[in-house]
Amino acid sequence: MKKKLSLVLAASLLALPLYSGSANENEPAHSAAPEAEDGPAADSTGQADSKEEVVYGTLKSDGSLNELYVVNMLQVTEPGLLIDYGDYESVKNLTDLTDIELTDDAVHIEASEEGMFYYQGNMQEAELPWDIEISYLLDGEAVTPDELAGENGHLELSINTTANENKDLSFYENYTLQISLTADTDLISIIEAEDANIANAGKKRQITYTVMPETDADFTLTADVEDFEMEGIDINAIPLSMAIEDPDTEEMTEDMRSLSDAIKEINDGVFELLSGVTELKDGAQSLNDGSGDYHSGIREIRDSSSELIEGSEDIQSALWQMHAEVGGSSGDMDLGELSELPDGLSQMAAGLEEAGDGLIELHGSFSEAFGSLDGAMQGIPGYDISEEDIEQLYASGANQETIDQLVETYTAAQTAKGTYDQVRDAFTATEGALLETGNAINEISGQLYGISSDLSASMENMDGLDGLAELEDGLGQLAGNYGEFHEGLTDYTDGVSELANSYSEIDGGIDELADGSADLENGVSELSEGTAELAEETSDLPEQFQQEIDDRLDEFDRSDFDPVSFVSADNSNVESVQFILTTEAIEIEEQETAAAEEEEESPGFWEGLMNLFFLMVLKFR
């Protein structure tokens with residue numbers, strides 16, 4: 001295992017990118033410090049312009065820290081004595097074979113030439129800037145990594161990262177974590193890996209999670225496993241450095257402006273709708289008042305029709321009776337009762353005239369109210385808004401409650417308009433019937449006035465028996481004409497009765513229309529307030545949209561971040577710090593062969609060979 005780990009670390013270092021940050025040109029990157037009192041002697045002091053740190057760590061399979069060491073890279077500009085700082089347990093020169101010394105937290109380095117100087121520091125009592133927890137559930141039961149090796153079943157692997165409050169939070173606030181798992185498809189069948197990028201590499205799959213700065217991670221991978229084994233989980237951390245150009249938002253902002261203008265048009269349309277609905281309500285209320293008066297009047301006429309017919313029958317009967325009595329009477333006949341007939345006819349004519357004038361006056365009020373109602377109803381737009389149009393409006397991001405009110409108002413307005421269109425003919429017929437009925441009653445009244453006048457004149461001009469003969473003839477003609485009048489009066493009262501009965505339904509509908517239009521006005525008024533608020537809030541929608549984009553881009557802008565040393569606050573001019581962490585692999589234990597045991601007992605040759613190879617790589621890099 002040691003040999004394998006050394007190969008891995010050597011390969012990692014070979015692949016390691018060197019970050020070219022921007023050091024302050026007016027300040028030395030890493031100055032030589034005066035020689036410590038108990039440090040080694042030196043002929044001269046050296047100078048290093050910059051320092052880079054690569055933090056390597058091995059973690060246990062549950063995410064807890066196992067060991068940690070740092071490869072330090074100093075850019076030497078003047079050979080000589082350099083002093084670097086770090087809370088190390090031990091240090092090792094990776095550049096040449098000269099010794100470096102550790103005194104307390106000071107590392108004394110004798111750099112013999114210009115260029116990059118590498119050394120390794122092994123940390124003591126180390127902590128990472130992140131708390132990392134990895135847990136495993138097999139078929140719903142919590143298991144340790146050791147128990148999981150070689151098992152079958154349904155696996156849930158959870159990775160959780162949070163800030164370590166005991167360490168410098170600048171790493172948590174400015175660094176991006178990249179967490180990578182490698183799954184052998186013969187052993188692991190991925191079912192779900194939400195928020196991960198998955199790449200195929202032959203028979204293996206690379207599952208990668210990214211954790212942005214100032215963000216806690218909580219990832220869960222589910223898979224079916226068989227004879228489970230898994231390579232170590234790689235966790236790398238580097239400063240967030242994203243070159244993001246401002247996106248071209250012109251087309252999007254134009255769409256936003258169109259949406260903002262459309263919302264304004266909706267608000268203007270709703271305001272116009274409110275004005276029309278208010279006129280509708282006023283017209284419906286006036287119509288309702290006039291309809292109520294008409295309904296009351298027509299019912300009174302209907303209720304008095306029987307008395308009117310009975311009185312007319314009495315008049316007709318009296319005329320025939322007087323005609324008969326005059327024809328068989330003598331000169332001493334008492335004509336007192338006959339003289340009362342013209343007054344009775346005049347009173348009857350006056351009553352009919354009053355009823356006729358009332359209906360004509362009612363017709364005027366009804367016509368005015370009906371005209372207002374008709375104008376308001378015709379003012380409601382007959383737009384045909386489809387379900388698809390409404391769904392698009394919901395998808396626009398506008399306030400959902402406002403859209404609900406708009407749809408409800410549109411539906412109510414179209415229902416009212418449709419209902420009105422169905423009963424409009426009844427309103428028109430009622431308007432005409434009022435005028436015709438009033439005129440007919442006034443015509444009958446005029447006829448009665450004429451009969452009364454003729455009868456009164458005949459009685460005044462009557463002269464003895466000759467006068468009686470003329471009176472008899474006149475009464476005969478009057479009785480005959482009155483019979484025709486009586487039939488017309490009967491037809492009229494029958495029509496009034498039918499009209500009164502049928503108008504009850506019309507009057508009820510008008511009353512509901514008045515109540516409904518009042519409710520509609522309240523609803524549209526609330527809608528108008530909502531659309532006005534929405535229009536105001538979205539009047540600068542393109543600017544809001546652009547500001548939101550700028551704010552989001554600012555979240556990823558770490559251009560003002562100055563790297564700090566992970567190992568010691570005394571180090572200055574740190575150009576970059578990065579972390580390369582790996583958890584232990586989960587493997588099925590194998591029996592060691594005798595050869596392996598012998599090799600384990602004699603590691604010196606391999607370690608010496610790897611160290612020599614490592615130094616050669618660093619020397620010529």
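Leaving aside neighbours within four places in sequence, with which residues is A217 in contact? The legends below concern a predicted model, and the first of them takes up this residue.

**Figure 1. Surroundings of A217 in strand 15.** A217 belongs to strand 15, which covers residues 217-225. Once its neighbours within four places in sequence are set aside, A217 is in contact with I159, N160, T161 and V211. One of these partners, T161, is 56 residues from A217 along the chain, yet the two C-alpha atoms are separated by 4.9 Å. A217 has a relative accessibility of 2% and therefore counts as buried, the limit being under 20%.

**Figure 2. The chain as a whole, as context for the close-up views.** The chain contains 12 helices and 17 strands. Of its 621 residues, 39% are buried. When contacts between residues at least 6 apart in sequence are considered, 80% join residues at least 24 apart. The chain exposes about 34100 Å², of which carbon and sulfur atoms supply 46%.

**Figure 3. A patch of negative charge on the surface.** The residues gathered in this patch are D62, E127, D131, E133, D146, E147, E151, E165, E584 and E589. Two or more residues of the negative patch come from each of strand 8 (130-138) and helix 2 (145-148). E147 is located in helix 2. The relative accessible area of E147 is 48%, so this residue is classed as partly exposed, between the limits of 20% and 50%.

**Figure 4. The salt bridge between D186 and K203.** Side chains of opposite charge can pair when their charged atoms come close. In this view, the side chains of D186 and K203 meet with an N to O distance of 2.5 Å. D186 lies in the loop between strand 11 (175-184) and strand 12 (188-193), whereas K203 lies in the loop between strand 13 (197-201) and strand 14 (204-211), so the pair ties together parts that are 17 residues apart in sequence. D186 is partly exposed, its relative accessible area being 46%.

**Figure 5. The salt bridge between E231 and K204.** The closest N and O atoms of E231 and K204 are 2.7 Å apart. This pair links distant parts of the chain, 27 residues apart: E231 is in the loop between strand 15 and strand 16 (234-239), and K204 is in strand 14. Both partners are partly exposed, E231 with a relative accessible area of 38% and K204 with a relative accessibility of 32%.

**Figure 6. The salt-bridge network of K51, E53 and D84.** A search of the whole structure finds four salt bridges. Through shared partners, salt bridges join K51, E53 and D84 into one network. Within this network, the side chains of E53 and K51 meet at 3.5 Å, N to O. E53 and K51 are both buried.

**Figure 7. Positive phi values at D227 and N573.** Most residues other than glycine have a negative phi. D227, a residue other than glycine, nevertheless has a positive phi near 50°. D227 is found in the loop between strand 15 and strand 16 and is partly exposed at 39% relative accessibility. N573 is likewise not a glycine, and its phi is positive at about 55°. The loop that holds N573 runs between helix 10 (541-555) and strand 17 (574-583).

Definitions and conventions:
Residues are numbered from 1 along each chain as its sequence is written. This is a predicted model: local features need pLDDT of at least 70, side-chain atom pairs count only at pLDDT 80 or more; totals for chains, interfaces and linings use all residues. Side-chain values use heavy atoms; hydrogens and water are left out. Patches are made of residues with over 30% relative accessible area and no salt bridge: like charges are joined within 9 Å, nonpolar side chains (Val, Leu, Ile, Met, Phe, Trp, Tyr) within 5 Å. Accessible areas come from the Shrake-Rupley method with a 1.4 Å probe; for residues, only the protein chains shown count as cover. Lys and Arg count as positive and Asp and Glu as negative; His and the chain ends are not counted. The place of a charge is taken as NZ of Lys, CZ of Arg, CG of Asp or CD of Glu. Helices (H or I, at least four residues) and strands (E, at least two) are DSSP runs, numbered from the N terminus. Buried means under 20% relative accessible area, exposed over 50%, partly exposed in between (1.4 Å probe, protein chains only). Contact means heavy atoms within 4.5 Å.
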